[in-house]
Amino acid sequence: MTDPIKIRAHHLLCMQGFQGYGYSDAFTEHLGKIVTQFREKPDTRIALTAACDEICSGCPHQVHGRCQMDAESDSRIRAMDTAILTKMQTEPGSCGTIAKMFQQAGQTFPTKASVTDICGDCQWTKQCTWYQSLETGTA
């Protein structure tokens, strides 16, 4: 059995609404390949993390395992990952199939209100089909 692919907790949300936008062409292509793999092979095993992951490895803002988009980005994103893990009642390193993890994320975050503190300031919410598909009610 191969090792699970490390995926940041917030990327569970991002991947579900991915529409081909990203920080650079190379990053968008990299993320697109991962999303395609997960859609074609929903039994792919992942391990949740609150640190840089396989997706971050293609990001132009990732330097030496840290997000360098701005001075606060690394700590802000780690806090977002930790909040998601806490709400999903799981720990870093938790493993499962991507399909199961997507399902768990969907059950944890069924409404826009349930992810406001996580996705509310995200620059991609207008393009994110997952976010746009959420009910507008309260969690």
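The paragraphs below follow the salt bridges of this predicted model. Side chains of opposite charge can pair when their charged atoms come close. A search of the whole structure finds 6 salt bridges, and several of them involve helix α3, which spans residues 73-87.

A suitable place to begin is the pair formed by D81 and R8, whose side chains meet in a salt bridge with an N to O distance of 2.5 Å. This pair links distant parts of the chain, since D81 sits in helix α3 whereas R8 belongs to strand β1 (residues 5-8), with their positions 73 residues apart in the numbering. Both D81 and R8 are buried.

Within helix α3 itself, R78 forms a salt bridge with D74, and the closest N and O atoms of the two are 2.8 Å apart. R78 and D74 are 4 residues apart, which is about one turn of the helix. Their surroundings can be read from relative accessibility: D74 counts as buried because its value is 3%, under the 20% cut-off, while R78, at 30%, counts as partly exposed. R78 and D74 also take part, together with R66, in a network of salt bridges.

Also in helix α3 is K87, whose side chain meets that of D117 in a salt bridge of 2.9 Å, N to O. D117 lies in helix α5 (residues 112-119), so the pair ties together parts of the chain that are 30 residues apart in sequence. Here K87 counts as partly exposed at 35% relative accessibility, and D117 is exposed because its relative accessible area of 55% is over the 50% cut-off.

Conventions. Residues are numbered from 1 along each chain as its sequence is written. This is a predicted model: local features need pLDDT of at least 70, side-chain atom pairs count only at pLDDT 80 or more; totals for chains, interfaces and linings use all residues. Side-chain values use heavy atoms; hydrogens and water are left out. A salt bridge is a side-chain nitrogen of Lys or Arg within 4 Å of a carboxyl oxygen of Asp or Glu. Helices (H or I, at least four residues) and strands (E, at least two) are DSSP runs, numbered from the N terminus. Buried means under 20% relative accessible area, exposed over 50%, partly exposed in between (1.4 Å probe, protein chains only).
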